[in-house]
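Thank you for making the time this morning. I would like to walk through one chain, going from its overall surface to a single strand, and I will give the cut-offs as we go.

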Amino acid sequence: TQLQERIKIDAVQVSDSSVRIYVANIGDVDTSIVGAYVLTLNYTVFCGGSSSTSLSKGSTAQVKVPGTCTLTSGITYIAKVTAKQGSEATYTFVAP
C-alpha cells in the first residue's frame, strides 16, 4: 500500500490586507505547504507565493498567504494551497 499525501482547506480568514488559509492534512504522511495563493474566478493569481508550513498527518495548520491581499468585498475568490509532493486543494469564498 502506497502512503498518500492529501490535504484539504477547512476555512479561509480575511482581515484587512491579509488572508489565512486553514489546511488539514487528511493523508497518511507528514507534509508541508509550499505554496498559498488567492486566485480570481478565472484562475489568475491575485496574491500569494511560496510558503513553508509544516503539516503533520491528522493536523490542521494556519497558512498565511504571502504578500498583501487587498480583496474587494462581495467578490468571489479561490484560495489554493500546494503541498510538497504536489497535492493541491482549492476553496471558493466571498470576500467579506
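**Surface, fold and one strand**

The accessible surface of the chain, computed by the Shrake-Rupley method with a 1.4 Å probe, comes to about 5200 Å², and 45% of that belongs to carbon and sulfur atoms. Please keep in mind that this is a predicted model, in which local features need pLDDT of at least 70 and side-chain atom pairs count only at pLDDT 80 or more, while totals for chains, interfaces and linings use all residues. Residues are numbered from 1 along each chain as its sequence is written, and side-chain values use heavy atoms, with hydrogens and water left out.

As for secondary structure, the chain has zero helices and seven strands, where helices (H or I, at least four residues) and strands (E, at least two) are DSSP runs numbered from the N terminus. Buried residues, meaning those under 20% relative accessible area with a 1.4 Å probe and protein chains only, make up 42% of the 96 residues.

Which strand is largely enclosed by the rest of the structure? That is strand E6, residues 76-83, because seven of its eight residues are buried. Strands count as paired if DSSP finds at least two bridges between them, and E6 runs antiparallel to strand E3 (residues 31-39), joined by six bridges, with Tyr37 partnering Lys80 of E6. E6 also pairs with strand E7 (residues 88-94) in the antiparallel sense, over seven bridges, and here Thr76 stands opposite Val94. Four residues lie between the strands in the hairpin of E6 and E7, where Gly86 takes a positive phi near 105°.

Notes: Buried means under 20% relative accessible area, exposed over 50%, partly exposed in between (1.4 Å probe, protein chains only).
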